[in-house]
Amino acid sequence: MHDDMEKVLITEEEIQEKVDELGKQLSEEYKENFPLVVGVLKGSLPFMADLIKRLDIHIEYDLMDVSSYGEQMVSSGEVKIVKDLNTSVKDRDVVIVEDIIDSGLTLSYLVKLFHHRQAKSVKIVTLLDKPEGRNVDLSPDVAGFTVPDEFVVGYGLDYIERYRNLPYIGVLKPEIYEG
Ligand SMILES: O=P(O)(O)OC[C@H]1O[C@H](OP(=O)(O)OP(=O)(O)O)[C@H](O)[C@@H]1O
Ligand code: HPA
Ligand SMILES: [Mg+2]
C-alpha cells in the first residue's frame, strides 16, 4: 500500500473480479446492438481499458473529456467539455463508462446531452457509486461498488492529479489533505 494511504477500500483483486462480471453482463445485454461505449476522461481510463477487454461482442468506443472538480474536492457545479466525442451518438445505443458518480452532476449533464443529440438509448455504467454525495436525482444502470461518503482515490480517481495510477481504491491519510 502507498505511504499516503490510510486504508484500502477495494483491492485490485476485487476490482478485477467485478470488471469480469460486468463485462459478461454487458456482453450479453448488448450483443445485438453494436453499442458506442463512451469513456469519460480522465477518471474512467483504467476502468474503461479493463472493461472493454472483457466485452466479447462488437463495440465502438470513443472518449470524452469533461471536468467539474478542477483541483477541488467538491464539484464546482459546472461541467466543462474539455474534449468532445469524434463519433455521432445519433441513433446509437450509448454506454457511458465512469469511475464514480458522486454529486451526479457530470452524468446528468452527459445523459441530457446525448439524449439531445438523439441517441437511441443511454446507459450509465460506473465502477463506484457514492449515493450520499448526490445533489441531483440520478442512479446508474450498472454499478460495481457502493462507497461511503469519503473522498476516494486510485484506479483513475485523483487528488490534485495524483494517485490515478494505483491499482486499488483507497482513502488518503488526513495529513495529505491538510499539508
Ligand atoms: O458525480 P460528480 O460529482 O459529477 O463526480 C464524478 C465525476 O468527477 C470526477 O471527474 P473530474 O471532474 O474530477 O475530472 P477527472 O476525471 O479528470 O478527474 C469523476 O471522474 C467523475 O467524472
Ligand atoms: O471521491 C472522489 N474522489 C476523487 N474524485 C472524485 N470526483 C468525485 N468524487 C470523487
Ligand atoms: Mg478528478
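**Exercise 1. Follow strand E2 and its neighbours.**

Six bridges tie E2 to strand E3 (residues 60–67), and these two strands run parallel. Keep in mind that the model you are looking at is predicted. Your task: find out which residue of E3 is the bridge partner of Val38, how the chain crosses from E2 to E3, and how E2 pairs with E5.

*Solution.*
- Step 1. Go to Val38 and look across to E3: the bridge partner is Asp62.
- Step 2. Trace the chain onward from E2. The path goes through H2 to E3, and this β-α-β crossover is right-handed.
- Step 3. Now turn to E5. Four bridges join E2 to E5, again in a parallel arrangement. Within this pair, Gly39 stands opposite Val97 in E5.
- Step 4. Check how covered E2 is. Five of its six residues are buried, so the strand is mostly covered.

In general, strands of a sheet pair through backbone hydrogen bonds, in either a parallel or an antiparallel way.

**Exercise 2. Describe the three-stranded sheet.**

Turn to the open sheet of three strands and work out the order of its strands. Then explain why one side of E1 and of E8 is left without a neighbour in the sheet.

*Solution.*
- Step 1. Read off the order, which is E1-E9-E8, with antiparallel pairing.
- Step 2. E1 and E8 stand at the edges and each has a single partner strand, so one side of each has no neighbour in the sheet.
- Step 3. Look at the pairing of E1 with E9: four bridges join them in the antiparallel sense. One example to locate is Met5, whose bridge partner in E9 is Leu172.

**Exercise 3. Test the length of helix H3.**

Compare the span expected for the 12 residues of H3 with the distance between its end C-alpha atoms. Then list the buried residues of the helix and say which strands they pack against.

*Solution.*
- Step 1. The expected span is 1.5 Å times one less than the number of residues. For the 12 residues of H3 this gives 16 Å.
- Step 2. The end C-alpha atoms of H3 are 16 Å apart, which agrees with the expected span.
- Step 3. The buried residues in H3 are Leu105, Thr106, Leu107, Leu110 and Phe114.
- Step 4. These buried residues pack against E2, E3, E5 and E6.

**Exercise 4. Visit the two ligands.**

Which residues come nearest to ligand 1, and which element gives the largest share of its shell? How do the residues around ligand 2 divide into nonpolar, polar and charged?

*Solution.*
- Step 1. There are 18 residues around ligand 1, and Gly43, Tyr69, Asp102, Ser103 and Thr106 come nearest.
- Step 2. Strand E2 (36–41), strand E5 (93–101) and helix H3 (105–116) are the elements that give two or more residues to this shell. The largest share, four residues, comes from E5.
- Step 3. Sort the shell of ligand 1 by type: six residues are nonpolar, seven polar and five charged.
- Step 4. Move to ligand 2. Around it are Tyr69, Ile100, Asp102, Phe151, Val152, Val153, Leu157 and Asp158. This shell holds six nonpolar residues, no polar ones and two charged ones.

**Exercise 5. Inspect some backbone details.**

Where does Gln118 lie, and where does Glu161 lie? For each, decide whether the residue is buried or exposed. Then find which residues are joined by a cis peptide bond.

*Solution.*
- Step 1. Gln118 sits in the loop between H3 and strand E6 (121–129). Although Gln118 is not a glycine, its phi is positive, about 70°.
- Step 2. Count neighbours, using the rule that a residue is exposed if 12 or fewer other C-beta atoms lie within 10 Å of its own. Gln118 has 11 C-beta neighbours inside 10 Å, so this residue counts as exposed.
- Step 3. Glu161 is found in the loop between strand E8 (152–153) and strand E9 (169–172). Glu161 also has a positive phi of about 70° without being a glycine.
- Step 4. Glu161 has 8 other C-beta atoms within 10 Å and is therefore exposed.
- Step 5. The cis peptide bond joins Leu41 and Lys42, with omega at about -5°. Lys42 belongs to the loop between E2 and helix H2 (45–52).

Technical notes:
Residues are numbered from 1 along each chain as its sequence is written. Chains are lettered from A and ligands numbered from 1 in the order in which they are written. This is a predicted model: local features need pLDDT of at least 70, side-chain atom pairs count only at pLDDT 80 or more; totals for chains, interfaces and linings use all residues. A residue is near a molecule or strand if its C-beta atom, placed from the backbone, lies within 6 Å of it. Ala, Val, Leu, Ile, Met, Phe, Trp, Tyr, Cys and Pro count as nonpolar, Asp, Glu, Lys and Arg as charged, and the others, Gly among them, as polar. A residue is buried if 20 or more other C-beta atoms lie within 10 Å of its own, exposed if 12 or fewer, and partly exposed in between; C-beta atoms are placed from the backbone. Two strands pair if DSSP finds at least two bridges between them. A crossover is right-handed if, with the strands pointing away from the viewer, the path from the first strand over the helix to the second runs clockwise. Two residues are in contact if their C-beta atoms, placed from the backbone, lie within 7 Å.
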